[in-house]
Amino acid sequence: MDIFLSEKNRVVRQSVRRFCEKEIKPIAAEIDRECSFPWEVVEKMGRLGYFGIQAPRELGGAGLDSVSYVIVIEEISKGCAGLGLCVSVHNSVALYPILAFGTREQKQKWVPPLARGQKIGAFCLTEPNAGSDASGIEATAIRKGDHYVLNGNKVFVTNGGVADTCLIFARTDPGAGSKGISVVIAERGTPGFVVGDLEDLCGVRANPVSSIRLYDCRVPLENLLGKEGMGLRIGLTALDTGRLGIAAQGVGIAQAAFEEATKYAKQRKQFGVPISRHQAMGMMIADMATQVDAARLLVLRAAVLRDQGKPFSRQSAMAKLYASETSTSVTDMAVQIHGGYGYSKAYPVERYYRDARVTRIYEGTSEIHRMVIARSVLE
Amino acid sequence: MSLKIIVCVKAVVVGAPGGRVIRSSNSCELNPFDRPPLEAALRMKEEKGASLTVLSMGPPSCAFVLHEAIAMGAARGILVSDPALAGSDTLATSAALGAALQKLAPFDLVLFGTRSADGDTGHVGPQTAVLLDLPLVGSVDLIEKKGAGLVVERTLDGFRESFEVRLPAALTIHPGFSEPRDVPLAGIQGAFEREQVETWSLSDLGLSAEQVGEKGSPTRVTAISKADRRRKCEFLSGSEEEQAEQVAQRLTEWGLLE
Ligand SMILES: Cc1cc2nc3c(=O)[nH]c(=O)nc-3n(C[C@H](O)[C@H](O)[C@H](O)COP(=O)(O)OP(=O)(O)OC[C@H]3O[C@@H](n4cnc5c(N)ncnc54)[C@H](O)[C@@H]3O)c2cc1C
């Protein structure tokens with residue numbers, strides 16, 4: 001694995017790992033239980049550059065490569081998947097589209113506070129009637145003078161409860177089908193911008209996932225990202241990068257579960273020997289190790305391609321599909337190895353098992369990913 | 001006048017898969033005992049505008065500890081590296097570091113950790129100071145500037161000691177000096193973007209292969225084996241109350257409970 005990493009990537013890994021061991025791991029069980037967003041730790045992460053991993057340094061970011069990016073997400077997710085989700089979504093689908101499609105003025109205005117973690121970003125695409133089919137969104141952004149007037153109901157917004165800067169997907173031309181979708185940036189605090197209740201989720205509970213509703217919310221025309229009608233293109237570009245992050249999150253959760261399961265299998269004795277010596281347990285551990293490595297390699301490959309400026313869309317879809325499936329199967333085996341204790345909140349694998357499940361759903365379900373991959377293979 | 005500070009750091013081995021030690025960024029990390037002196041120097045840099053160079057002896061694969069220190073705020077890194085240095089004991093290490101420090105002279109302050117997490121001798125700081133004829137105070141946890149020198153303090157055997165030292169001087173910094181900082185990602189990118197680490201070989205230092213490495217090392221580790229820790233395990237029986245009673249009785253007998 002490590003042969004693919006540069007010295008810089010390794011220093012990133014060591015540094016982030018040390019931070020997560022010290023600051024995130026000790027509170028992970030509690031913030032999951034309490035559904036609380038750990039502001040104090042998040043502020044520290046902001047000062048260390050975790051919210052602007054790839055943003056240019058002159059705009060307040062760390063200016064790192066994609067390989068470093070997936071390493072950071074993996075390490076944070078290993079400690080707390082909810083925080084891993086926060087950092088992944090913020091960096092990839094909230095901040096990156098502004099860098100990729102924003103004007104100079106937009107970048108100067110929006111990127112520095114996001115990259116420093118002083119503001120948190122969100123990506124608002126999903127609606128009650130539009131999930132996998134993003135082109136089915138109903139939210140509108142209608143031009144009135146020098147403003148867009150936003151109306152709509154966005155659901156399952158990662159970071160929703162704390163986000164300041166939100167990318168809203170809405171129809172600027174309601175008659176134009178999927179060509180009428182645009183991205184407009186809306187800020188929390190704008191009249192008509194209403195944050196709904198937090199979702200009571202199965203996993204990633206430290207993340208304040210919520211709905212965001214827009215009632216005649218007026219934002220200046222200069223908040224349009226790219227051009228009118230470019231919404232789906234911006235969304236797909238963002239999701240290519242986002243999927244890398246979610247794939248890395250899956251690897252992080254799986255790695256954590258794998259480490260716990262291996263430790264437990266060596267300690268727990270039944271029939272007079274550590275259970276790791278029972279062949280069935282050894283087989284599971286072999287499968288876990290192999291799947292985690294394979295998933296990480298797929299993630300690294302997509303990240304390297306992105307760093308080289310080559311197409312990485314199919315590879316990022318494969319990485320997301322495989323890493324999320326790995327994450328659910330590895331956490332499942334980790335629970336199995338722990339027996340009854342794995343089903344108890346007294347052990348962390350119970351949390352990993354819940355956290356892993358959603359990686360197969362958000363930023364494109366596994367089914368949608370298979371469709372995307374099949375299409376690109378068969379075309 | 002701003003101080004010119006040099007911090008000596010080491011990459012220590014944290015993992016030896018299969019019992020083989022290969023020094024690299026996978027198996028090594030910045031010695032945790034070197035973080036407090038780095039922190040002390042970084043604070044002097046931030047508060048008093050000191051200049052900060054980090055110095056390490058080790059194979060090229062360990063240069064990353066210098067990059068890490070640069071990521072935290074050091075300006076320059078020097079790696080003393082030469083195949084002939086392999087097998088150096090603490091005296092030979094001090095000789096190499098001392099020669100590098102002389103090349104970096106003039107400086108005001110050299111900081112060391114109190115010991116390393118792998119070798120654990122605590123020799124290198126004091127030995128290097130002796131070789132360079134520098135005044136040394138060990139286990140310092142407070143540093144203040146006074147006139148042309150420093151006032152430093154430490155706690156030893158339950159006493160608080162305060163020293164005035166003239167500069168240049170050497171200090172080893174107590175691990176409890178303060179919480180070492182985390183490494184900012186932008187710093188890491190910066191540390192690798194523009195090469196700020198120089199590598200010095202023996203000839204750069206004016207040393208011969210006889211003065212260092214195994215030849216220059218008066219001590220040698222001849223064997224390492226697992227210590228025979230004589231522990232006795234005794235199982236108590238009876239009800240919980242009876243067992244607790246027996247525990248209390250034993251602890252009293254051993255003078256651990258009154
Ligand atoms: C914790 C969490 C955080 C989220 N964060 C965000 C966020 O920040 N921003 C955002 O916009 N969204 C977010 N989402 C929403 C997420 O992206 C959607 O839930 C996801 O895209 C699926 O949409 P859906 O839930 O409406 O399911 P549906 O699209 O209704 O899918 C239901 C089932 O049908 C299958 N299906 C649908 N279409 C097809 C097809 N063509 N062929 C085969 N099978 C199909 C799906 O695979 C799935 O199994 C989040 C969701 C969760 C749970």
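In this predicted model, 19 residues of chain B are in contact with 23 residues of chain A. The two chains bury about 1900 Å² between them. Carbon and sulfur atoms account for 52% of that area. On the chain B side, the greatest losses of area to chain A fall on B:Asp182, B:Leu185 and B:Gln189. Together these residues make up 34% of what that side buries.

Four salt bridges are counted between chain B and chain A. In one salt bridge, the side chain of B:Glu68 meets that of A:Arg18, with an N to O distance of 3.2 Å. Six residue pairs are in polar contact across this interface, with both partners at pLDDT 80 or more. Three elements of chain B each give two or more residues to the side that touches chain A: strand S3 (28-30), helix H2 (64-72) and helix H5 (185-193). H5(B) provides the largest share, seven residues. By residue class, the chain B side divides into eight nonpolar, five polar and six charged residues.

Contacts within chain A were examined next. Chain A is divided into domain 1 (2-120), domain 2 (122-229) and domain 3 (232-378). The centres of domain 1 and domain 2 of chain A, taken over C-alpha atoms, are 23 Å apart. Their contact takes 26 residues from domain 1 and 21 residues from domain 2. The area buried between these two domains is about 2100 Å², and carbon and sulfur atoms give 65% of it. In domain 1 of chain A, A:Cys35, A:Trp110 and A:Ile120 lose the most area to domain 2. Their combined part is 28% of what the domain 1 side buries.

One salt bridge is counted between domain 1 and domain 2 of chain A. A:Glu187 and A:Lys119 meet through their side chains in a salt bridge, at 3.3 Å from N to O. Polar contacts across this domain interface involve eight residue pairs, both residues of each at pLDDT 80 or more. Helix H1 (7-34), helix H4 (81-101) and helix H5 (104-115) of chain A each supply at least two residues of the domain 1 side that touches domain 2. H4(A) gives the most, with 11 residues. The residues of this domain 1 side comprise 17 nonpolar, six polar and three charged.

Definitions and conventions
Residues are numbered from 1 along each chain as its sequence is written. Chains are lettered from A and ligands numbered from 1 in the order in which they are written. This is a predicted model: local features need pLDDT of at least 70, side-chain atom pairs count only at pLDDT 80 or more; totals for chains, interfaces and linings use all residues. Side-chain values use heavy atoms; hydrogens and water are left out. Domain bounds come from an automatic or database domain assignment. Contact means heavy atoms within 4.5 Å. Buried area is the accessible area (1.4 Å probe) that two parts lose on being put together, summed over both. A polar contact is a pair of N or O atoms within 3.5 Å; within protein, one must be able to donate a hydrogen and the other to accept it, and residues adjacent in sequence count only if both atoms are side-chain atoms. Helices (H or I, at least four residues) and strands (E, at least two) are DSSP runs, numbered from the N terminus. Ala, Val, Leu, Ile, Met, Phe, Trp, Tyr, Cys and Pro count as nonpolar, Asp, Glu, Lys and Arg as charged, and the others, Gly among them, as polar.
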